[in-house]
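This report is a short guide for a reader who has not seen this protein before. It goes from the whole chain to one helix and two single residues.

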Amino acid sequence: MPSKFLRAAVLSVFLASSAPVALPQSKASPSDKFRQLEEILPTPNEQRAASGAPGRSYWQQRADYNIKVELDDAHQRVTGTETITYYNQSPDSLAYLWVQLDQNLFAKDSDAALTAAAPSFKDIPYRTIDSLLARRDFEGGYRIAAVRDAAGQPLRHAVVKTMMRVDLARPLAPAQSTTFSIDWSYNVNDARRVGGRTGYEYFPKDGNYIYELAQWFPRMAAYNDVSGWQHKQFLGSGEFTLEFGNYRVAITAPDDHVVSATGVLQNPNEVLTEQQRARLRQAETAKSPVMIVTPEEARANETHKPAGKKTWVFSADNVRDFAFASSRKFIWDAQGHNVEGNRVLAMSFYPKEGEPLWSKYSTHAIVHTLNVYSRYSFTYPYPVAQSINGPVGGMEYPMICFNGPRPEEDGTYPAATKYGLISVVIHEVGHNYFPMIVNSDERQWTWLDEGLNTFLQYLAEQEWEANYPSKRGEPRNITEYMASADQVPIMTNSESVLQFGNNAYAKPATALNILRETVLGREQFDFAFKQYAQRWKFKRPMPADFFRTMEDASGTDLDWFWRGWFYTTDHVDISVERVRLFRADTMNPDAEKAARRAERGERPPSLSEERNRALAKRVDEFPSLRDFYNEYDELVVTGRDREEYQKFLQGLTPRERELLQTGLNFYVVDLKNVGGLVMPVIFEIEYADGTKETMRIPAEIWRYNNAEVSKLIMTPKEIRSIALDPRQETADVDAANDSFPRRPVRTRFQIFKQQTTENPMQQLERKQPAALQPTPQPNR
């Protein structure tokens, strides 16, 4: 068919672009954003299968602990002795073992202290200066008194900053175990002033302390098939990499303290009153939290002085760590709950300063978390789950977590504090699943537990109440960070991450939410995510195991997604550059020339044409200059036009005649990938008749050209407008280029009255009005 049978009516022109320029990358931008990750991911082997599952020869180490520890409330000091039985389940012989000495983070000459950057001294608060001085003066770090073998003989050892090498008398062969002991002590840090993931809080009004103690004992470093010994130094950001084991821990504290810890209390008859034990039995089947230590009892306890000591004994099986809290200030409530057949005692410990928030929300939030997380991963396997209020804002350990939010002193609280408490309890209790059970390497990859946990936290928050104010998870909430320049890829070592909360928490959580809602769909995502959790519970996954499992179980190639979201700092910014309309010319002169006449009539006159109408015309002055063409209209249908049209139809097949009469509009939407991150394209199309349609196009539309692509839309209707990502599900950073025709981006600004300041003369006159008055002169 001749080219005249197609003509284009351009609906728009390129708009002057004010879109942000693509971000400079911290690494070379890949030329093919759909290039497979096989060249980056480690080669599958017998330990880790290509499917992302543990391989047939997967192994991991084990360490059991028997610990006796005493808390000195008078001097805020911990003294302990531990016996470690280490099981070598690897295929390697080990000539030495590595032990983590995390308390050495607080030593004055620690790498963390020596490499700390200077704070900004612009409007620096008093508490920052106080914290700097407290950190400088604090005598932190372990005092290792002895390291002995099972026979009590000294073992050679070398302290290397936050690690200690223990040299064995003979190499530890595969399938063998060794037992050794360590005696140690350290000063507990003031968590409010010195900071840290552990420490004490002092209450000057009643003279009491709350202790939240973690990283309090020397712990075995992890030895694994990927990195061998994981003995990267603890600098404060990269958390912990640990082995599973069984713990028996005896905690000696003042006899008026209440102690909460990882595991199950073994000697309640010795440390609890008969009434407290009865309340605990009642709580096991209660429908709401039961007070084990009431607020009145806790207040009375605050005024007591200890008469002696008590030893609380706890046992915990198959856990990777152990933490505890101790105070005479604790109120204690508990509620039993059935988590998919497992009876769990949910408990909260908090001072009166936490009321009325803590008794209302903490234990409920524990129960809610166990319900939601178990549904998306695996049944919570432990017998208890606890939330403790103290100086640590939010930290997680097996069966116990530390959470900071409190109301104001008068008992009132803003909404941010209420939801902050609920969210942090959900988050920290949720860490029981990731990484306390799905035991990822936190020292290397923060996102692999924090990102996954923040994603599940978002799901749990949305099941708490309608319109819950989640801070992380919604794509629209991450756009400012995604467009920022001061960032590194998610796949960055924990100690080198910039914008830590956005990078390791918010971005991976948002990515998973987008993967669930937009890329895979809920059913496929939930199945794959649960496969990952169940494959790797009580094992140590690496990022490749997560990526491969999600692809294996969903049946979807996601390499483009992992590459873009996790290995680059690209952002989503897809621009609707222009829309072109094509219609097939039917060759029917009556229809086509009528349409062209209508178009001609709708065309506005140019400014010159409008002004030239009033000018005298020469042909009006000399009519003889007129001829055929002065009256001829090429858009008037002639008999010859109709004859040629009939001849044209006779030369077409029935299918060709049918195609000619479809009456379809062919819209070509030109898209530009401004941000660099390839993503699905979602159109909301509004037609001239007022109806709307959503079109969802997979990300593979970008596979041939990562930068520009044109999408054809065929419809019998006239399109009035096209909106890109109308429900803000892809984290597109620039709404200004997401629509055709362009729409104004709405925002508000505040008008304020400019404040004036007094000059020095005015200030002096206001304070000393007589000072500027002339001195009276005596009469002469």
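## Burial and surface

Of the 780 residues in the protein, 51% are buried. The structure is a predicted model. The exposed surface comes to about 38200 Å², and carbon and sulfur atoms supply 50% of that area.

The protein carries 93 positive and 101 negative charges. The mean positions of these two sets of charges lie 2 Å apart.

## Overall form

The secondary structure consists of 20 helices and 31 strands. The radius of gyration is 36 Å, well over the 28 Å that the globule rule gives for 780 residues, so the protein is more spread out than a compact globule. Measured out along the principal axes, the C-alpha trace spans about 125 × 115 × 50 Å.

Contacts can also be sorted by how far apart the partners are in sequence. Among the contacts with a separation of 6 or more, 76% join residues that are 24 or more positions apart.

## Helix α6

Helix α6 covers residues 357-376, which is 20 residues. From its first C-alpha to its last it reaches 28 Å, close to the 28 Å expected at 1.5 Å a residue.

This helix is mostly covered, with 15 of its 20 residues buried. In general, an α-helix has 3.6 residues a turn, so residues three or four places apart point the same way.

## Residue T198

T198 sits in the loop between β8 (176-187) and β9 (199-203). Its relative accessible area is 1%, and the cut-off for a buried residue is under 20%, so T198 counts as buried.

Leaving out residues up to four places away in sequence, T198 touches Q103, F106, N189, A191, E212, L213, A214, Q215 and V392.

## Residue W59

W59 also belongs to a loop, the one between β1 (6-10) and β2 (62-72). With a relative accessibility of 11%, W59 is under the 20% cut-off and is therefore buried.

Apart from its neighbours within four places in sequence, W59 is in contact with Q47, Q89, S90, P91, Y223, N224 and D225. One of these partners, S90, is 31 residues from W59 along the chain, while the C-alpha atoms of W59 and S90 are separated by 6.1 Å.

Key: Residues numbered from 1 in each chain as written. Predicted model: local features only at pLDDT ≥ 70, side-chain atom pairs only at ≥ 80, totals over all residues. Heavy atoms only, no water. Helix = DSSP H or I, 4+ residues; strand = E, 2+ residues; numbered from the N terminus. Expected span 1.5 Å × (residues − 1). Buried < 20%, exposed > 50% of the residue type's maximum accessible area, 1.4 Å probe, protein only. Rg over C-alpha atoms; globule rule 2.2 N^0.38 Å. Contact = heavy atoms within 4.5 Å. Areas by Shrake-Rupley, 256 points an atom, 1.4 Å probe, with all protein chains shown as cover. Lys, Arg positive; Asp, Glu negative; His and termini not counted. Charge placed at Lys NZ, Arg CZ, Asp CG, Glu CD.
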